[in-house]
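Here's a quick tour of the salt bridges, the surface and the main pocket in this one. Have a look at the model first, then read on.

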Amino acid sequence: RQRGRFAGMSLQQLQEKYREVVGRPTGSSNVSYLQWKIREAEAGRVSVGPRPERELKVREDGKRVIPLSFDDEAIKALDKAWRDAGLPSRTRLVTRALYNELTAMGVTEAAAHFAPKAEE
C-alpha cells in the first residue's frame, strides 16, 4: 500500500506534476524517479526550467567539432578506405562525402561549404 501525497496519482498525473514543478516534460515512466525528482525540485536541489540549448564550442580557428559515433569495425573500414584512397585524413573523406551527397541532393549552397580545395 502506497503512502504519501503521490499515493493516488497515476503515471500520467505524475508526469503532469513533473512538468508543472520541474518546468519541462519528461519521457520517464519510472514512478519512483518522478516522485524523487518532484521532491528534489520543490526543495530546490535540482535545476528547473527548460534545458538550455547546447552550443558547439568554436575553436580558435573558427571551426566547430561535431560528435559522430560509429561502431569500431566501421571506423576500421573507414580508416582503411581513406588511407587506400591516398587521402590525408578521415576528416577529408567525410568532407568529400558531404560535398558529394549535398550536391546530389541539389543543395548547392550548403555543398559549397564542403567543396574540395583547389589543391585537391
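Asp72, Glu73 and Lys76 are tied together in a network of salt bridges. Keep in mind that this is a predicted model. Within that network, Asp72 pairs with Lys76; both sit in helix H3, four residues apart, or about one turn of the helix. Lys76 counts as partly exposed because its relative accessibility is 47%.

The overall count comes to eight salt bridges. Here are three of them:

| Pair | Closest N to O distance |
|---|---|
| Arg5 and Glu42 | 2.3 Å |
| Asp72 and Lys76 | 3.1 Å |
| Lys17 and Glu20 | 3.6 Å |

The Arg5 and Glu42 pair links distant parts of the chain: Arg5 is in the segment before helix H1 (11-22) and Glu42 in helix H2, 37 residues apart. Lys17 and Glu20, on the other hand, both belong to helix H1, three residues apart. Lys17 is partly exposed at 21% relative accessibility, while Glu20 is exposed at 59%.

Now for the pocket. The largest one holds about 830 Å³ of space. It has 22 lining residues, and those closest to its centre are Arg64, Thr91, Arg92, Val94 and Thr95. Helix H4 (90-105) and H3 each give two or more residues to the lining, with H4 supplying the largest share, seven residues. By type, the lining splits into 11 nonpolar, three polar and eight charged residues.

Val94 also turns up in a nonpolar surface patch with Leu56, Ile66, Leu68, Phe70 and Leu98, which together have about 540 Å² of accessible area. Leu56 lies in the loop between helix H2 (31-42) and helix H3 (72-84), and is partly exposed at 36% relative accessible area.

Key: Residues are numbered from 1 along each chain as its sequence is written. This is a predicted model: local features need pLDDT of at least 70, side-chain atom pairs count only at pLDDT 80 or more; totals for chains, interfaces and linings use all residues. Side-chain values use heavy atoms; hydrogens and water are left out. Patches are made of residues with over 30% relative accessible area and no salt bridge: like charges are joined within 9 Å, nonpolar side chains (Val, Leu, Ile, Met, Phe, Trp, Tyr) within 5 Å. Accessible areas come from the Shrake-Rupley method with a 1.4 Å probe; for residues, only the protein chains shown count as cover. A salt bridge is a side-chain nitrogen of Lys or Arg within 4 Å of a carboxyl oxygen of Asp or Glu. Buried means under 20% relative accessible area, exposed over 50%, partly exposed in between (1.4 Å probe, protein chains only). On a 1 Å grid over the protein atoms alone, a cavity is a set of points where a 1.4 Å probe fits but cannot get out, and a pocket is an open set with protein on both sides within 12 Å along at least five of seven lines; lining residues have an atom within 4 Å of a point. Grid points are joined across faces, edges and corners, and a volume is the space filled by probe spheres set on the points. Ala, Val, Leu, Ile, Met, Phe, Trp, Tyr, Cys and Pro count as nonpolar, Asp, Glu, Lys and Arg as charged, and the others, Gly among them, as polar.
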